Amino acid sequence: MDPRAAKPFVTLDQTSVEQFAADVKYYLSLSPRQLPSRYFYDDLGSALFESICRLPWYTITRAEMRLLAAHGDSVFRRLPSLTHVVELGPGNGEKLRTLLQAASRRLGPIDVHLIDVSASALAIAAQNIENAGDVRVITHQATYDSGLRDALTQRTGRTLVAFLGSNIGNFDPPGASAFLQNIRASVKNGDAVLLGVDLVKSTDRLLAAYDDPLGVTAAFNRNLLVRINRELGASIDLDGFSHRAVWNAEQGRVEMHLVARTAQAIHVPHAHVDERLQPGETIWTESSYKYVPEQIDDLLESCGFNPTAQWTDREDGFALTMAEAF
Ligand code: AVI
């Protein structure tokens, strides 16, 4: 048996399969062809992403952890009477645990709300955070919007909303604004956000981060095709596509693409897709926008948050910015 036709790690429910099929059909028909990056994160994709975070060339995670450990105490000092911390997309929970453990005074009691669509990610994150102080962990298996609404309905005191890991970079500029405006609409004056954002750096470093010599990011990218084969009954030739990372300086983003090595047919029975790609034709799978520090302040201000502190890691070009809702 072809090992690439291995059994599924996860089975999507019917609605999710239908949504996945509809998205594959729609985005592949666009010009340029695309696939949404949210589909990277099945069990295998999430494991590959965790590995990416450990690669020497992908510095986001380590830089952010250093900043959280060094300045977490300042974050909490700026928020007396804090009662709630909400993290959108907590990953394995290590970032928030590092932040909570950086507090020099005793925090709490604090309600920590973790919001993610993945039940398994929430379980791991909750376990990692549960003994990080006087905290009560509440998980919300939900989209960010509805999870945030749930998390904030019964709160009393002050809230900090954390959006870390440069996840904001995967939104295009209008999407990033809409996302922050949504958070602003859910919080009260005096509540705060903590945003972790990767900064513009040399092209060599950016490309090494998104096209690593071990090929882990290439596997992460090509796993999208594996998912389409497995979950939508397609038989895309995986060897027919290579991984490409491009720094688009004009737009300020690293793009990831899948490039057809030779002419390729994409036939996806469950999505009614029949596309033919020319040699060299690409499918654009992700954008990772990189910022300069002032752009982060401007973005926050334009969305109703007043930046109060910004810490940057010069070695790896990363910024942690705190801002208060006004
Ligand atoms: C999750 N996100 C912030 C990562 C990034 O850097 O854009 C996803 C990723 N894509 C390739 N490597 C990592």
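Which residues of the largest nonpolar core touch the most other members? In this predicted model, select Leu 100, Val 112, Leu 114, Leu 194, Ile 228, Phe 241 and Ile 266, which have the most such neighbours within a core of 72 residues. Centring the view on Leu 100, and setting aside residues up to four places away in sequence, you will find Phe 76, Leu 107, Val 112, Ile 129, Ala 132 and Val 135 in contact with Leu 100. A second core, separate from that one and made up of 28 residues, can be shown next by selecting some of its members, among them Ala 151, Ala 176, Phe 179 and Tyr 291.

Now move to helix α3, residues 60-77, whose end C-alpha atoms lie 25 Å apart, in agreement with the 26 Å expected for 18 residues. Select His 71 to find the centre of a kink of about 55° in α3, and then colour the buried residues of the helix, including Ile 60, Glu 64, Leu 67, Asp 73 and Phe 76.

From α3, select Arg 66 together with Asp 313, whose side chains form a salt bridge with an N to O distance of 3.0 Å. Because Asp 313 belongs to strand β12 and Arg 66 to helix α3, this pair ties together parts that are 247 residues apart in sequence. Asp 313 is buried at 9% relative accessibility, whereas Arg 66, at 33%, is partly exposed.

Finish with Arg 155 and Asp 191, which form a salt bridge with their closest N and O atoms 2.8 Å apart, and which are both buried.

How values were computed
Residues are numbered from 1 along each chain as its sequence is written. This is a predicted model: local features need pLDDT of at least 70, side-chain atom pairs count only at pLDDT 80 or more; totals for chains, interfaces and linings use all residues. Side-chain values use heavy atoms; hydrogens and water are left out. A nonpolar core is a set of buried Ala, Val, Leu, Ile, Met, Phe, Trp, Tyr and Cys residues joined through side-chain atoms within 4.5 Å. Buried means under 20% relative accessible area, exposed over 50%, partly exposed in between (1.4 Å probe, protein chains only). Contact means heavy atoms within 4.5 Å. Helices (H or I, at least four residues) and strands (E, at least two) are DSSP runs, numbered from the N terminus. The expected span of a helix is 1.5 Å times one less than its number of residues. The bend at a residue is the angle between axes fitted to the seven residues ending there and the seven starting there. A salt bridge is a side-chain nitrogen of Lys or Arg within 4 Å of a carboxyl oxygen of Asp or Glu.
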